[in-house]
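Thanks for sharing this one. Here are some notes to read with the model open beside you.

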Amino acid sequence: MDDVISLGVGEPDFVTPWHVREACFYALERGYTTYTANAGLPALREAIAQYLETFDLSYDPKDEVLVTVGGSEAIDLALRAVIQPGDEVLIPEPAYVSYEPCAILAGATVKKIATHAMDQFRLTEDALRAALTKRSKVLILCAPNNPTGAILDRAALAQIASVAIAHDLLVISDEIYAELTYGVRHVSIASLPGMKERTIVISGMSKAYAMTGWRIGYATAPRDVLAAMVKIHQYTMLCAPIMGQMAALEALRNGERERQAMVEQYDQRRRFVVKRLREIGLACHEPQGAFYAFPDIRASGLSSEAFAEQLLKVERVAVVPGAVFGPSGEGFVRCSYATSLAQLERAFERMDRFLNS
């Protein structure tokens, strides 16, 4: 379609900073075109471990850090490394669309845990306890959350951690949006007492450094778990591309200024989007992380799929139906504000016209 404004794509609208791209060029010029160690370049693993100290996480880069082909591979590896057929994976939803298929491919059964707008889509201790069965093995957390932008503060994480410890759950903590928080500091569940030894932390370069296409992610985990992940990784991917790893190293070492500038832009857009959604009559909780708003569109009388389809056809604005993220997402749509303010202004003018029609 012509003249479509997309609020659907979950990737930064920024280009990878020049000095990061230049590091890749320079790596090629110097002939860095070979395999690396399966777990990744030692210098990159060291930089990742050092960077994670800013979130109060401590990992040995030699055997507790793995460089992967994007955060998506890290999620797949984590599930395949720890799941045996019949194990149950708990997924709070609305949730990122890849978790359930990856769990099923690993041989697990999936149990979804509903979260609600009145709780700002945060997982509660009571909801987690109610979902537990004898087969519960893994809990997948995503905070800041895709698609809702919800975060989990230290108090909420402590309650979840107490359940995980009491019931011997492993936690896969997807923290790909950790750097994109607004007015609050990201807290990793792995930093809480008793949780490092039962948590796999997933992250990467895609969101914080505008490096989606580079496909450089990473995982940190206890030694025995990471060793199993490396074993699968080395026979499926071998290693992440060396040029991308060199670029990631530059981003971690020297990319703070550009990263912070992007976060400031997202924050400005976030405040604008929430304000405009409310002005045009759509209730929306204030997201404290990521770059998504998740407005309630039930007042329109349409399902989330019908709303998204008609908005696209009538006004050429693309949003994602909330139902694709799980049953709790029905009645909502995901609007990405990873686009310019000028485009956002036009998009919400069109959405206002659509609602009034």
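The points below go from the whole chain to its strands, cavities and backbone details.

1. Overall picture. Please keep in mind that this is a predicted model. The chain holds 11 helices and 12 strands. Its radius of gyration is 20 Å, close to the 21 Å that the globule rule gives for 357 residues, so the chain is as compact as a globular protein of that length. Along the principal axes, the C-alpha atoms fill a box of roughly 60 × 55 × 35 Å. Of the 357 residues, 57% count as buried.

2. Strand β6 and its neighbours. A good place to start looking is β6, residues 170-174, where four of the five residues are buried. On the β5 side (residues 136-142), five bridges make a parallel pairing with β6, and Ile-140 has Ile-172 as its bridge partner there. Between these two strands the chain passes through helix α6 (residues 154-166), giving a right-handed β-α-β crossover. Strand β6 also runs parallel to β7 (residues 199-204), joined to that strand by four bridges. In this pairing, Asp-174 is matched with Ile-202 of β7.

3. The antiparallel sheet. Further along, three strands make an open antiparallel sheet in the order β9-β12-β11. Its edges are β9 (292-293) and β11 (320-321), each of which pairs on one side only. Two bridges hold β9 to β12 (residues 333-336), and Tyr-292 stands opposite Ser-336 of β12.

4. The largest cavity. How many cavities of 30 Å³ or more does a search of the whole structure find? The count is three. The largest has about 150 Å³ of space and 17 lining residues, with Pro-92, Phe-121, Leu-123, Cys-142 and Asn-145 lying nearest its centre. Which strand gives the most to this lining? That is β5, with three residues. By class, the lining comprises 13 nonpolar, three polar and one charged residues.

5. The second largest cavity. This one has about 50 Å³ of space. Its lining includes Leu-141, Cys-142 and Ala-143, along with Ser-173, Glu-175 and His-186. The lining divides into seven nonpolar, three polar and one charged residues. Cys-142 is worth a look on screen, as this residue lines the second largest cavity and is also among those nearest the centre of the largest.

6. Two cis peptide bonds. Do check both of these in your viewer. The bond from Glu-93 to Pro-94 is cis, with omega near 10°; Pro-94 is in the loop between β3 (88-93) and α4 (99-105). The bond from Ala-143 to Pro-144 is cis as well, with omega near -5°. Pro-144 belongs to the loop between β5 and α6, and Ala-143 is one of the residues lining the second largest cavity.

7. Positive phi outside glycine. Gln-120 has phi near 55° and sits in the loop between β4 (109-114) and α5 (125-131). Is Gln-120 buried or exposed? In fact Gln-120 is partly exposed, at a relative accessible area of 28%. Arg-316 also has a positive phi, near 60°, and lies in the loop between α10 (304-315) and β10 (317-318). Arg-316 has 28% relative accessibility and counts as partly exposed.

Notes: Residues are numbered from 1 along each chain as its sequence is written. This is a predicted model: local features need pLDDT of at least 70, side-chain atom pairs count only at pLDDT 80 or more; totals for chains, interfaces and linings use all residues. Side-chain values use heavy atoms; hydrogens and water are left out. Buried means under 20% relative accessible area, exposed over 50%, partly exposed in between (1.4 Å probe, protein chains only). Two strands pair if DSSP finds at least two bridges between them. A crossover is right-handed if, with the strands pointing away from the viewer, the path from the first strand over the helix to the second runs clockwise. On a 1 Å grid over the protein atoms alone, a cavity is a set of points where a 1.4 Å probe fits but cannot get out, and a pocket is an open set with protein on both sides within 12 Å along at least five of seven lines; lining residues have an atom within 4 Å of a point. Grid points are joined across faces, edges and corners, and a volume is the space filled by probe spheres set on the points. Ala, Val, Leu, Ile, Met, Phe, Trp, Tyr, Cys and Pro count as nonpolar, Asp, Glu, Lys and Arg as charged, and the others, Gly among them, as polar. The radius of gyration is taken over C-alpha atoms; the globule rule is 2.2 Å times the number of residues to the power 0.38.
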